[in-house]
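This briefing goes through a predicted model, topic by topic, for a reader who works at the bench. Please keep the sequence and the structure in view while reading.

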Amino acid sequence: MQPTSEPTAVVVLALVALPFAAAAVTPLVYRVLGERTAYYAAAVALACFGLVASQYGTHGSVSFDWIPALGVSLRFYVDGLSLLIGFLASGVGVLILTYSRGYMHDEPGKAKYYTALLAFMGSMLGVAFAADLVALFVFWELTSLSSFILIGHYSDRASSQYAARKSMLITVSGGLFMLVGFLLLANVTGTFDLAWIVNHPEQVRESLHSAGLFVPVLGLVAIGAAAKSAQVPLHVWLPNAMEAPTPVSAFLHSATMVKAGVYLVGRFRPVFLPEGVHGIPEWSAVFTVLGLATMTIAAILAVAATDIKELLAYSTASHLGLIVAGFGFASDLGAETGAFHILNHALFKAALFLVAGIIAHEAGTRKIAELGGLWDDLPVTGAITVVAALGMAGVPPFNGFYSKEFLFDAAYHAAELQGGLAWLYPVVAVFGSVFTFLYSIRFLMLFFGDKPDRLHAHSPPKAMLVPPAILGVLAALVGLGGVTATFGVAPAALDHFVAEVMGSVSPPGTEVHFSYYLPDHVTPPVLMSAITITVGAAAYPFYDDLHRGINRLLSVDPLRANWWYDGTVDGLNEASATAVPRIQTGLLRTYATWTLAGVVALALGGYLAASVALPAFEFAPDMTLPLALVLGVAVVGATAVALAPSHISGVLTLSILGFMVAIFYVLADAPDLALTQLVVETLTLVIFLLVLDRLPAFYGELKRARAVRDGALSLAVGATVAVTVLVSTAAQPDLIASYFTDPHNTVEVAGGHNIVNVILVDYRAFDTMGEISVVAMAALSVLTLVAMRERGGTQ
């Protein structure tokens, strides 16, 4: 059933703005409530959850003007996908903030912690509901900024600083690529309205293909999504981000922030998918391959992990790869995979992160080798882990099994349609799932087997136990829904909601239907699941051997993504350290050289890129012999300036040039300009002569290499100015002239009868501002020269 009502603008704006407003006063609230600020923040998240729930059943966009001159508005769009991310950001936020009450006891910086968490939740809600490309980018970068603060929460630790910088560098860099893609998309479509773009995919695709920008825009958006959702090879920031407090890891790096990337893939899926099930080659080539590669590589790395949070971090990247691969398949099965696994993964992974926090908090260690047999001490936590870990492993009838089945079905279906190398889709999906099964069972076995002699765990406080228990119960109910559906009792509300999400990630007009149940007969996906579980169970006794073997491979530097990242960053740092002394010399000559060279390169490069044609050079028809002689003397004066042996002679010959320009104005019947030029030139000459009294009499010796460089730069600057003048004067300013000659503007509006007088009077403020700017720049130059007179004035 399609939604029939429009979203309420005030409610949508409130649910995005409320976390930011609450974050602004959190430091004051903390002074009053202390550690109970966790409940205040949880109440804010609960209010946001209620506001999101109030919009369930609505579909459409609301708009508030933001930058009207640029056509940018603060637009919000409500559909199934935005509601899903909104429910996760606020609902999981309630549980995480409540859990923080127990976990963050005696931890430093709690006021900053709760402030940043609320700001992050608001940013994520903004990402989910943004319907404007500019607004989406702003909220996108706010998630990176707030996560930077949260990952670096323990700011006195070098590892936290490293992790925060790494996450910021990768995610923000990816966001900049995404921004370029957005700008190209807006330039082609003529709008920043994301809702319009999503609902008119055929027009958007046609425009992108016509402009030759389809693949570039797709690639730029893919980079942004891959960076945020930790897809290979940009996954390296996520394991280091585990330096953050465990509630942060559970919130940002399992349920919400990393979902921003897959949200972006799902949001743009209708735009880049054509009608039909065959898909578009570029889309599947990018996202299906990227997702399956990430799913497999990250699962292998999770088996190599030695820390429980590290294992969960790599498993998060792996499951995000599963979602991306699902969205990459063009069939409805792909939409089912991505939409349903976003929900399933958030439930079992957030629960497991909170379980990891309980283990670390109560057992005092996160090392996998030091843990085991925890069931006796933490039975409730162990029961939660059974549900969540088996869901992560894809074991029936737990919730992760159903969305994994959808992936297998989508991969097999795509292989049947496309043939050839496409048969690698199901093979890689099964191979990666075997490693998923292995690390999931390894995490589960922390509660079984022999307990190390020195290991003792205490019961966690209720504030830490209730949130993962709720997530575990929800995950169990989703799994139970598949069991009951097998007997004809389907979870209608869940089916309806997931169907709405599927509709949001499918081309407009696509008929979607969703249901899930335990398979009742043998199918290719069932066989693939059976192979996964059978091979995984057979390989589990050799888990330690696999763990050591993978780590031996990772000891080879080029096989580690971190080696490439660290080498690149260190290389850039060394390059900066080498370049800075050459650029930051403290000499005006150096700064002028770099500045002028940059201006020349940008200006001439812009002319070349725009294919600007220079007008044909010819003498003006009214050019007389006196005018030609005056201009000739000016050229001689300009040459003499370059050859002048001292400051005094240089200034005097420069004045010859200025006076010749004044004479030119006289001969050209412009006495007012001539008078202005004479006054300015005389004042300039006097000022320079006064300043020169404090400077050396001669320039000094100049090295030939430096003279050649400066000469070449001077010629380039002169050529740039000449080209700029020719290009700018080639155009006829008819619109400007017609404006001033219009009697309505001159007589009725300005109240004058002389165009020159009107311009001087009504536009004097702009003229004066320009003159003041010129004088100010000249004064700064003079002060700089005077201040540097004893710092190598001849250099």
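Phe182, Phe214, Phe268, Phe272, Trp283 and Phe287 form one aromatic cluster in this predicted model. Aromatic pairs number 28 in total, and two of them are described below, followed by the overall build, two helices and some backbone details.

**Aromatic rings**

- A pair of aromatic rings is described by the distance of the centres and the angle of the planes.
- The ring centres of Phe120 and Phe251 lie 5.5 Å apart with the planes at 80 degrees, and because an angle over 60 degrees counts as edge-to-face, this pair is edge-to-face.
- Phe120 belongs to helix H4 (residues 110–129) and Phe251 to helix H11 (residues 246–255), so that the pair, 131 residues apart, links distant parts of the chain.
- Both Phe120 and Phe251 are buried.
- Trp375 and Phe448 form a stacked aromatic pair, with 5.5 Å from centre to centre and 25 degrees between the planes.
- This pair also links distant parts of the chain, 73 residues apart, with Trp375 in the loop between helix H15 (332–363) and helix H16 (379–393), and Phe448 in the loop between helix H18 (424–444) and helix H19 (462–486).
- Trp375 is partly exposed at a relative accessible area of 31%, and Phe448 is partly exposed at 34%.
- A charged residue also meets a ring, with Arg157 lying over the face of Tyr154 at 4.0 Å from the ring centre.

**Overall build**

- The protein contains 32 helices and two strands, and its C-alpha trace spans about 105 × 60 × 60 Å along the principal axes.
- Of its 795 residues, 46% count as buried, while the exposed area comes to about 36,700 Å², of which carbon and sulfur atoms supply 68%.
- Among contacts with a separation of 6 or more, 79% are made by residues 24 or more positions apart.

**Helix H27**

- Helix H27 (residues 671–692) has 22 residues, which at 1.5 Å a residue should span 32 Å, and the 31 Å between its end C-alpha atoms agrees with this.
- Its buried residues are Ala674, Gln677, Glu681, Leu685, Val691 and Leu692.
- These buried residues cover an arc of only 130 degrees around the axis, and therefore lie on the same side of H27.
- The face of H27 turned away from that buried side carries the exposed residues Asp672, Leu675, Leu683 and Leu690.

**Helix H25**

- Helix H25 (residues 625–643) has 19 residues and an expected span of 27 Å at 1.5 Å a residue, which agrees with the 27 Å between its end C-alpha atoms.
- Leu627, Val630, Ala634 and Gly637 are buried in H25.
- They cover an arc of only 80 degrees around the axis, which puts them on the same side of H25.
- The buried residues of H25 pack against helix H26 (647–667), whereas the face turned away from the buried side carries the exposed residues Leu625, Leu629, Val635, Val636, Ala642 and Leu643.

**Backbone details**

- Most residues other than glycine have a negative phi, and most peptide bonds are trans.
- The peptide bond from Val232 to Pro233 is cis, with omega near 0 degrees, and Pro233 lies in the loop between helix H9 (214–228) and helix H10 (237–240).
- Ala230 is likewise placed in the loop between H9 and H10, and its phi is near 55 degrees, a positive value in a residue other than glycine.
- With a relative accessibility of 0%, Ala230 counts as buried.
- Pro396 and Pro397 are joined by a cis peptide bond with omega of about 5 degrees, and Pro397 has its place in the loop between H16 and helix H17 (399–418).

**Surroundings of Met104**

- Met104 sits in the loop between helix H3 (80–103) and H4, and it is buried, with a relative accessible area of 1%.
- Leaving aside neighbours within four places in sequence, Met104 is in contact with Lys110, Tyr113, Tyr114, His153 and Pro245.
- Met104 and Thr246 are 142 residues apart in sequence, and their C-alpha atoms are 9.5 Å apart in space.

How values were computed. Residues are numbered from 1 along each chain as its sequence is written. This is a predicted model: local features need pLDDT of at least 70, side-chain atom pairs count only at pLDDT 80 or more; totals for chains, interfaces and linings use all residues. Side-chain values use heavy atoms; hydrogens and water are left out. Helices (H or I, at least four residues) and strands (E, at least two) are DSSP runs, numbered from the N terminus. The expected span of a helix is 1.5 Å times one less than its number of residues. Buried means under 20% relative accessible area, exposed over 50%, partly exposed in between (1.4 Å probe, protein chains only). The arc is that of the directions from the helix axis to the C-beta atoms. Rings of Phe, Tyr and Trp (its six-membered ring) pair if their centres lie within 6.5 Å; planes under 30 degrees apart count as stacked, over 60 as edge-to-face and the rest as tilted. A charge sits over a ring if NZ of Lys or CZ of Arg is within 6 Å of the ring centre and within 35 degrees of the ring normal. Contact means heavy atoms within 4.5 Å. Accessible areas come from the Shrake-Rupley method with a 1.4 Å probe; for residues, only the protein chains shown count as cover.
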